[in-house]
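Reader: I've got this model open on my screen and I'd like a close look at one part of it. Could you pick a single residue, walk me through its surroundings, and then zoom out to the rest of the chain?

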Amino acid sequence: FFPDRFFPVMLSLFVAISVSLNARARLGTAVVRGLSRNAGAIMVVGAADIVGEVDNWRPEGGHGTGNRFMPLDTVAMGPGPMLMAIAGLYPGLTAAELRAPQPLPFAPAGGWNYHRLLADGVPTGFVALPGNELVAEHPDTVAVVCDGTSLGVEFADGASHECLALIDRSDEAVANPGLLDPRQFYALSDAAGRVHIRWSDGVPEGWTVQGRLIFTQLPHVKKPGSGGGFAEMDDDFEF
C-alpha cells in the first residue's frame, strides 16, 4: 500500500465532497427562501419546516390532516366499465332496431364518464359491462340480448340463459360485403329485414351485413353439484 499518496488523496476527496454538499445546501436554502419572498404565503427556513407548512393547503378535517387518511382507490389504467346501448332481443331483432341506438362514448383509459340517461334516450335501455380493450377499439358497438340456444351456446347447467352479443356496426364488411370474413360471425339481415347472427361463406343474395360480432358475453353459470369449497365435493374431482 502507498500511505504517502493514499491519505492526501482521500483527504482531498473528503474536502471536495464536503464543499459540494455545503454548496448544495446553501443553494437549496436560497431557492426556498427566494420562494418564500416571492410567494409570501410559504415561509420556509429549513427542510424540517417544509412538510408542516406546505400541508396548509389541506382543508381542515381532510385527508392527511390530524394523522388521519382516507381509504383511497385508483382506477386501473385500462378501459373502465362500459355502458352499452341495447339494440333489442334476438331472435326477432330487425335491421332497423339494430341500427337505431346511439352508443354512449366510452370512458378514457384510467378514468370514467358521466351520463344523464333520459327516458326517451334509448327506449331499449343500457347494460353495464366490464371494461374491455377489444370493445373500446370499436365505439359503434351495441349489445343484443340473445337467448343462448339461438346462438348454439351451451351452459354448464344444461339450461338456456340470456347472453349479450356485442355487434360492431362500423365493421368494414358493412360498407363492403366483399370483405366479409367467413371465419367470423356477423349480424346479417335477410330481405325481410330480420337479423341473423351467424357465420357465412358469403353474403346471400338479397341479404346485407349489419355488423360483426366482437364477442358474446356469457353469465357465470355454475355446474350443478360442483364447488362446495372442497375439491372432493366437486363432480369433476378424480381420486
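**A close look at Gln 210**

Author: Let's start with the company Gln 210 keeps: setting aside neighbours within four places in sequence, this residue is in contact with Ala 95, Leu 98, Arg 99, Arg 169, Val 174, Ala 187 and Ser 189. Bear in mind that this is a predicted model.

Gln 210 itself sits in strand E7, which covers residues 208-217. Is Gln 210 buried or exposed? Its relative accessible area is 8%, and the cut-off for buried is under 20%, so Gln 210 counts as buried. Its side chain has polar partners there. One is the side chain of Ser 189, in a polar contact of 2.9 Å. Another is the side chain of Arg 99, joined to Gln 210 by a polar contact of 3.2 Å.

Those partners give us a way to move along the chain. Strand E5 spans 186-189, and the loop between E5 and strand E6 (195-198) is where you'll find Asp 190. With a relative accessibility of 10%, Asp 190 is another residue that counts as buried. What does the side chain of Asp 190 have close by? A polar atom of that side chain lies 2.9 Å from the backbone nitrogen of Ala 192, and the backbone nitrogen of Arg 194 is likewise 2.9 Å from a polar atom of the Asp 190 side chain. Once residues up to four places away in sequence are left out, Asp 190 touches His 196, Gly 206 and Trp 207.

Now follow the other partner, Arg 99, back to helix H3, which runs over 95-99. Pro 91 is in the loop between strand E1 (82-90) and H3. The peptide bond leading from Tyr 90 into Pro 91 is cis, with omega near 5 degrees, so have a look at the backbone there.

On the other side of H3, the loop between this helix and strand E2 (126-129) holds Pro 108. Pro 108 is partly exposed, at a relative accessible area of 46%. Its C-alpha atom is 6.9 Å from that of Pro 79, although the two prolines are 29 residues apart along the chain.

Another backbone detail to check is Asn 67, in the loop between helix H2 (47-54) and E1. Asn 67 isn't a glycine, yet its phi is positive, near 60 degrees. With a relative accessible area of 72%, Asn 67 is exposed.

There's a pocket to look at as well. The largest one has a volume of about 170 Å³. It is lined by 13 residues, and Pro 81, Met 82, Leu 83, Ala 107 and His 115 are the closest to its centre. By type, the lining has nine nonpolar residues, four polar ones and no charged ones.

Zooming out, the chain has six helices and seven strands. Read from the N terminus, the elements go α-α-β-α-β-α-β-α-β-α-β-β-β. Of the 239 residues, 26% are buried. Take the contacts between residues at least 6 apart in sequence: 60% of them join residues at least 24 apart. As for the outside, the accessible surface adds up to about 16,600 Å², and carbon and sulfur atoms account for 59% of that.

Definitions and conventions. Residues numbered from 1 in each chain as written. Predicted model: local features only at pLDDT ≥ 70, side-chain atom pairs only at ≥ 80, totals over all residues. Heavy atoms only, no water. 1 Å grid on protein atoms, 1.4 Å probe; cavity = no way out; pocket = protein on both sides within 12 Å on 5 of 7 lines; lining within 4 Å. Points joined across faces, edges and corners; volume = space filled by probe spheres on them. Nonpolar A, V, L, I, M, F, W, Y, C, P; charged D, E, K, R; others polar. Helix = DSSP H or I, 4+ residues; strand = E, 2+ residues; numbered from the N terminus. Buried < 20%, exposed > 50% of the residue type's maximum accessible area, 1.4 Å probe, protein only. Contact = heavy atoms within 4.5 Å. Areas by Shrake-Rupley, 256 points an atom, 1.4 Å probe, with all protein chains shown as cover. Polar contact = N/O pair within 3.5 Å; in protein donor to acceptor, adjacent residues only side chain to side chain.
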